[in-house]
Amino acid sequence: MKISTSSSKRSSSSTTFFTLRTFVSFIILAWVLAFAYYMNSPTPNGIVNPWQYKCFNGAKRLVIDMASVISLFTSSHYIIPFRSLIENALPKCQREVPGSNIRSSVTTFGGVKVRLYEPIEKQPGLGPALVFIHGGAFVLGSADMFDMMTRRFAEELDSVVVSIDYRLAPEHPFPAAFEDCITASRWFMDHAEDFNVDRSRIGIAGDSAGGTLTASVSQILHDDGRYPDFAFQALIYPLTQFIDNHTPGSMLSKSLFGMDGAIVTWQEAGEFTCLYFLGRAEQRVVDALIDNTHTSVTFKRESPLAQYVNHTLLPLGMQDYGGYKAPNVDEQRGDDTVWEQLQELILDQRASPLLRPDMKGLPPTFLATCEFDPIRDHGVFYALRLREAGVPVRWEHYDGGFHGVLGPTWPLVFEVGEKIFQDLIVFFKEHLKITEK
Ligand SMILES: *[C@@H]1O[C@H](CO)[C@@H](O)[C@H](O)[C@H]1NC(C)=O
């Protein structure tokens with residue numbers, strides 16, 4: 001073949017151009033496909049700020065995938081790189097913020113790491129305080145990750161806030177998280193005056209797994225005659241039990257979102273629970289937790305504890321989802337081996353505060369549940385038991401809300417999350433006797 005030099009040159013430069021253009025198109029296409037893939041979450045009608053929800057869930061899925069790739073090289077569970085990816089993406093906590101009367105610092109309470117928020121210009125006399133326990137399924141999250149929220153609590157209340165940086169699973173399985181929270185709470189009550197705090201005016205709040213710990217800490221402190229009760233407890237979409245993973249709310253969530261769930265997948269929920277109790281993910285246990293066969297048939301049929309999650313306790317509108325009624329705790333099926341492994345752990349009231357026999361005398365309670373939360377019923381069961389025992393309960397059910405809706409901050413601002421925040425502030429002020437100046 002005879003090709004002139006000049007034409008050869010032209011064709012080579014046009015090949016380069018063509019290759020570059022193909023390459024760029026390929027990259028753009030890959031981005032578009034990845035974007036479409038991660039933005040493609042089931043989004044039922046009525047969920048609050050659906051596009052932001054898609055972004056939030058998509059971002060979480062992307063980071064989980066990144067963490068899973070990293071974990072191939074580090075031979076650790078993907079939750080470990082997942083944590084560091086999130087921590088690194090978040091802005092660093094500021095000790096002081098211009099225009100704010102709140103200074104934050106990291107310290108220890110009885111050996112437990114906490115992030116402490118204190119007014120810079122203090123009011124005379126002893127004031128109230130809030131203890132906060134963050135969420136994250138017992139495997140994730142930190143006081144710093146929740147800094148925006150806890151700082152805002154401190155600013156709104158102009159009071160001391162203590163955010164407990166408890167130990168996480170799988171490195172520190174149950175009951176390490178509980179131990180840290182009760183230790184820090186007791187230490188704070190013993191030393192309240194050193195922080196200009198009146199120990200009879202300390203409230204406690206937590207979301208998700210933090211709600212579980214909040215409920216358990218309130219109970220154990222109530223039993224301990226040396227301390228006053230908390231002035232209140234606020235449980236924000238808490239987990240309250242591990243004996244029934246197929247409550248009507250879970251099944252509703254499954255029918256709307258599938259196994260990918262909303263924010264937390266069914267697989268993740270099973271794994272995180274297993275990491276929390278056993279310190280490792282055992283496939284048989286994880287599968288049983290997902291399948292709700294981790295409890296034995298005998299327990300389901302005969303234990304009085306199973307009545308605490310009897311589906312007929314729920315308001316009628318919550319028992320029924322699309323005409324299908326779930327059997328109570330799937331009475332027909334159970335894995336005795338897994339039950340042997342788990343029962344002592346999950347029946348412990350420090351893990352499942354709903355299973356405490358006597359709820360009398362517990363602190364006045366704010367309880368938030370969300371429409372699209374698979375563990376919606378955990379909060380409902382707990383609110384009903386408290387009410388039955390005569391505890392003052394303000395139970396708010398948030399239509400459009402999903403599990404974790406309070407957590408995200410700008411640019412992902414959810415109207416329902418903001419509503420929960422404002423309702424909490426009103427409740428806190430009322431029970432801490434904070435009057436507007
Ligand atoms: C749930 O409670 C109802 C009403 O008390 C009772 O009839 C039913 O047997 C209970 N279900 C189970 C599985 O125990």
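This report describes strands, a pocket, backbone geometry and cysteines in a predicted model.

## Strand β3 and its neighbours

Strand β3 covers residues 127-133, and seven of the seven are buried, so the strand is largely enclosed by the rest of the structure. β3 pairs with two other strands. Six bridges connect β3 with strand β5, residues 197-207, and the two run parallel. One position in this pairing is I133, which stands opposite G206 of β5.

The other partner of β3 is strand β4, residues 160-164, which is joined to β3 by five bridges and also runs parallel to it. Here F132 has S163 of β4 as its bridge partner. Between β3 and β4 the chain passes through helix α4, residues 147-157, and this β-α-β crossover is right-handed. In a regular strand, side chains alternate between the two faces of the sheet.

## Strands β7 and β8

Further along the chain, strand β7 (residues 365-370) pairs with strand β8 (residues 393-398). The pairing is parallel and extends over six bridges. Within it, L367 stands opposite W395 of β8. The connection from β7 to β8 goes through helix α13, residues 376-388, as a right-handed β-α-β crossover.

## The second largest pocket

The second largest pocket has a volume of about 400 Å³. Its lining is made up of 24 residues. Those nearest the centre of the pocket are Q123, G127, P128, D158 and S159.

Several elements contribute to this lining: β2 (112-119), β3, α4 and β5 each supply at least two residues. By residue class, the lining of the second largest pocket holds nine nonpolar, six polar and nine charged residues.

## Backbone geometry

Most residues other than glycine have a negative phi, and most peptide bonds are trans. Two residues with positive phi and two cis peptide bonds are described here.

D158 is a residue other than glycine with a positive phi, near 50°. D158 sits in the loop between α4 and β4, and is among the residues nearest the centre of the second largest pocket. D158 counts as partly exposed because its relative accessible area is 23%, between the limits of 20% for buried and 50% for exposed. K433 also has a positive phi, near 55°. K433 belongs to the segment after α14 (415-431). With a relative accessible area of 63%, K433 is exposed.

The cis peptide bonds are A169 to P170, with omega of about 5°, and F174 to P175, again with omega of about 5°. P170 is located in the loop between β4 and α5 (176-190). P175 is found in the loop between β4 and α5 too.

## Contacts between separated positions

N101 is in the loop between α3 (79-89) and β1 (102-109). Its relative accessible area is 26%, so N101 is partly exposed. N101 and P119 are 18 residues apart along the chain, and their C-alpha atoms are separated by 5.4 Å.

S253 belongs to helix α7, residues 248-257. S253 counts as buried because its relative accessibility is 3%, under the 20% limit. S253 and F372 are 119 residues apart along the chain, with 6.3 Å between their C-alpha atoms.

## Cysteines

A disulfide is a covalent bond between the sulfur atoms of two cysteines. How many disulfides does the model contain? The count comes to zero when a pair of cysteine sulfur atoms must lie within 2.5 Å. For C93, the closest cysteine sulfur is that of C181, and the distance of 18 Å is too far for a bond. C370 is likewise in no disulfide; the nearest cysteine sulfur to it belongs to C55, 19 Å away.

Is C370 buried or exposed? C370 has a relative accessible area of 0% and is therefore buried.

How values were computed:
Residues are numbered from 1 along each chain as its sequence is written. This is a predicted model: local features need pLDDT of at least 70, side-chain atom pairs count only at pLDDT 80 or more; totals for chains, interfaces and linings use all residues. Side-chain values use heavy atoms; hydrogens and water are left out. Buried means under 20% relative accessible area, exposed over 50%, partly exposed in between (1.4 Å probe, protein chains only). Helices (H or I, at least four residues) and strands (E, at least two) are DSSP runs, numbered from the N terminus. Two strands pair if DSSP finds at least two bridges between them. A crossover is right-handed if, with the strands pointing away from the viewer, the path from the first strand over the helix to the second runs clockwise. On a 1 Å grid over the protein atoms alone, a cavity is a set of points where a 1.4 Å probe fits but cannot get out, and a pocket is an open set with protein on both sides within 12 Å along at least five of seven lines; lining residues have an atom within 4 Å of a point. Grid points are joined across faces, edges and corners, and a volume is the space filled by probe spheres set on the points. Ala, Val, Leu, Ile, Met, Phe, Trp, Tyr, Cys and Pro count as nonpolar, Asp, Glu, Lys and Arg as charged, and the others, Gly among them, as polar.
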